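Colleague: Could you take a close look at one chain of this model for me, and then show me how the rest is put together around it? I work at the bench, so plain words would be welcome.

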Amino acid sequence: MDFYFGLAQIIGVHTLIGLSAYIVLLTGQVSLAQAGFFAVGAYAAGMLTVLAGWAILPALAASALLGAAVACAVGFPALRVKGLMLVIATLAFGEGVRLFFFNFDYQVAKGGVKLGPLGGEGFRQIRYFPENGWTTMDVMLFIWAFVVLTMALLWWFDRSRYGAVLRAVGEDELAAQSVGLNLTAVKVSAMTVGGAIAGLGGGIYAHYTTHIEHASFGILLATFAIAYPILGGLGSVFGTLLAAVFVQGFLVEGLRFLGDWRNLLFGALIVVAMNVRPRGFLDAPTLLWLKRLFARTGGGSGAA
Amino acid sequence: MKKIALAVALAFAATGALAQEKTIKIAGFGAKSGVVRSFGINSEAAMLAAADQINRAGGIRLADGSKAKIKIDYYDDRCTAEEGISVARRMAGTDALVGVGPTCSNVAEPLFGILQKRVGNASDSGLQFPIFTDVAIKGGLAQISEWAFRNVPNEMTMYSSLFYWLKTQHPNLKTVYGGVEEDFAHSRATWYVVMKNRAEANGYTVAGESKWLLADTNFATQVREMKKANADIVAISAHPFSTCGVLKEMQRQGVKPKLLVGLTSTSSLETMQGCAKQAEGMMIPTSFAPVNKEATAAANATAKFKGSADLHSMAAWENMFILKQVMESEKLSGNPKDLQADRRKVRDGLAKLRVTKGLLGDTKRTDDREADKPYLFVQARGGNWVVLHNPL
């Protein structure tokens, strides 16, 4: 059972990084900076629990805040450009963060052993969970509590005026601006919320892998981050969750038995999925159909 | 009466058959895809070949005197930390007694981190599953967990010995220039912690270093820097894929150092297949070469399973025989209900070992669960790795 709990941990963390890109995508911006915010959160939370002896919750709160602050700072200059230029700008930021950690040494001797980030060799022994007796199920439940909270927050955003504003900017910037919306404020706020979610996800990631290094936060992770909401569809937060389950649960783990063929199928199946569902797994018509289905089921049981 | 006798005989036969059908599962894992896929493919082949040999000889003797056959399951972790952890949890969820792997140091480090740090520490909920590493070679990793063991060569000793020997053989050579695959944990650590350090300790001046990445395909700038330094010795700490790229670029730019030194993992068939001509003369310390009857037989057996023999895959071969010895001496039950107890016996048995039998001779086991393996120096000559010197 531990294996399935472990898999659920991975899916949970990938859902978080997907959700961090989801909110930015709602404003029509494609950001490859999420892996950078994720890395900032991972190193910050790891250093706080290992070197400063913090408990996990304040460390994660700090990693989310730091992720948000960095995203906000990056958002102002980066969001002045859009389209492909924004992709390049955020990619450059992500690579900059990765290279920063590639060269970042900060080790402290604890109990005769040097702990902390050691440049390209990474940061090992982030063992808060096992050292405090957390079982794999405990960690899984902990992660999913954050996933559910984040999804609930974004779902609420989606139904609030703020969500409508985000989507309005995403649909037509000119129209949104003409009705008095401050585009920079909207985009930067989405980037900041996305940064907080990515920072939180990174903080959790550092603790369930126990070892982090620059290579884990490269272009591949940034691509996965935007692939989840695009593959899942921007109609609902549940699309991102569905895509993370599809990629991590089915393509990565479910097809492991295929050996070398898995890598070939991985790309091919994503292409197939995008062709079959060009607007994502949960696009507007599907959501409408689901809503009607639930309404009918709910109405039927009420009448009975 | 005859019917009853027949039924009893059949029952005994069935019991016997069941006893014969006992299996001991050993899980292998490593990179079977990506740039370093050859490591996983070769290790799996070596494990299958060794298991085949052990099974042909009857299998593993259990506590009740019965024999169990070995079954190997091999998992691809794609050389990524996240997948390595997932594979470890999957292996621990099966009836595998022990895991042999991983191939990449960047997987070994996080993986050992999720294992229980100190055996018997009830407050540590880390995974209690023995891992016996064959390939991941970055120094000092087994100290992360008492469930982690390695049978990999000690690079510090090997390169110390190599640079010392080079100094005695070529006293006129003074400078060393490094080339390092910067983003691969093992290559990076080997250059900065081992090669550079050992070269300086033996009186060489390090004239500089060029850096590249594992997946790089263009090395023009790095080789230009190398050419400018004009060092006597070029020491390349990189895996076969990028080593070959650099060697070809060195040939293109006419860089001809007096001596070439390579990373221990490069003393493999992949280098000979990729750039035998350019690697001509390269010297590498390694813990395997088919220099005796036993080593040649192991290499031939592995070839039958479509793998090639090198220091890494032959460590996997050795691990299988060491595990057989441990399992028999620790008297495993082999029953599914005793799985965790049997895993603990395997761990404790591995921890007790002080010397193990290797293909090149006896390997000393250290207190921190590492190996001190015999080694020799090989050189690329005419498309083959030939033994240059045996320092032991």
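**A close look at chain A, and on to chain B**

Modeller: Happy to. In chain A, residues 24 or more positions apart account for 78% of the contacts with a separation of 6 or more. Please keep in mind as we go that this is a predicted model. Chain A is built from 13 helices and two strands. Its radius of gyration is 20 Å, close to the 19 Å that the globule rule gives for 304 residues, so chain A is as compact as a globular protein of that length. Its C-alpha trace spans about 65 × 45 × 40 Å along the principal axes, and 49% of the 304 residues count as buried.

A good place to zoom in is the pair formed by helix 2 (residues 34-50) and helix 3 (residues 56-78) of chain A, whose axes come within 8 Å and cross at roughly 145°. The crossing of helix 2 past helix 3 in chain A is right-handed. On the helix 2 side, the contact is made by A:Phe37, A:Val40, A:Gly41, A:Ala44, A:Ala45, A:Leu48 and A:Thr49. Helix 3 of chain A answers with residues including A:Ile56, A:Ala59, A:Leu60, A:Ala62, A:Leu66, A:Gly67 and A:Val70. By class, this helix 2 to helix 3 contact in chain A has 13 nonpolar and four polar residues, with no charged ones.

Further along chain A there is a backbone detail to look at. A:Thr210 sits in the loop between helix 9 (183-209) and helix 10 (219-232) of chain A. Its phi is near 70°, a positive value in a residue other than glycine. For background, most residues other than glycine have a negative phi, and most peptide bonds are trans. Is A:Thr210 buried or exposed? A residue needs 20 or more other C-beta atoms within 10 Å to count as buried, and A:Thr210 has 28 such neighbours, so it is buried.

Now let us step across to the partner. The contact between the two chains takes 28 residues from chain A and 30 residues from chain B. On the chain A side, the elements that give two or more residues are helix 1 (2-26), helix 5 (128-131) and helix 11 (237-254). Helix 1 of chain A gives the largest share of that side, five residues. The mix of classes on the side of chain A that touches chain B is seven nonpolar, twelve polar and nine charged residues.

Chain B brings sheets into the picture. Six of its strands form an open sheet in the order 2-3-1-4-5-6, with mixed pairing. Strand 2 (60-61) and strand 6 (148-150) of chain B stand at the edges with a single partner strand each, so one side of each has no neighbour in the sheet. Within that sheet, strand 4 (residues 96-100) and strand 5 (residues 131-133) of chain B run parallel and are joined by two bridges. One residue to find there is B:Val100, whose bridge partner in strand 5 is B:Phe132.

Beyond strand 4 of chain B, B:Pro102 lies in the loop that leads to helix 4 (105-114). The peptide bond joining B:Gly101 and B:Pro102 is cis, with omega about -5°.

Next, strand 7 (residues 175-181) of chain B has six of its seven residues buried, so it is largely enclosed by the rest of the structure. Strand 7 pairs with strand 8 (residues 205-212) of chain B in the parallel sense over seven bridges. Among the residues involved, B:Val180 has B:Lys211 of strand 8 as its bridge partner.

Later in chain B, B:Lys331 is found in the loop between helix 11 (313-329) and helix 12 (339-352). This residue has a positive phi of about 55° although it is not a glycine. With 15 other C-beta atoms within 10 Å, B:Lys331 is partly exposed.

Last comes an open sheet of three strands in chain B, in the order 12-13-14 with antiparallel pairing. Its edge strands, strand 12 (355-358) and strand 14 (371-372) of chain B, each pair on one side only. Four bridges join strand 12 to strand 13 (residues 361-365) of chain B, and B:Lys357 has B:Asp362 of strand 13 as its bridge partner.

Terms used. Residues numbered from 1 in each chain as written. Chains lettered and ligands numbered in written order. Predicted model: local features only at pLDDT ≥ 70, side-chain atom pairs only at ≥ 80, totals over all residues. Contact = placed C-beta atoms within 7 Å. Nonpolar A, V, L, I, M, F, W, Y, C, P; charged D, E, K, R; others polar. Rg over C-alpha atoms; globule rule 2.2 N^0.38 Å. Buried ≥ 20, exposed ≤ 12 C-beta atoms within 10 Å, placed from the backbone. Pairing = 2+ DSSP bridges. Axes fitted to C-alpha atoms, helices over the stretch in contact; angles between N-to-C directions. Left-handed = near helix turned anticlockwise from the far one by under 90°.
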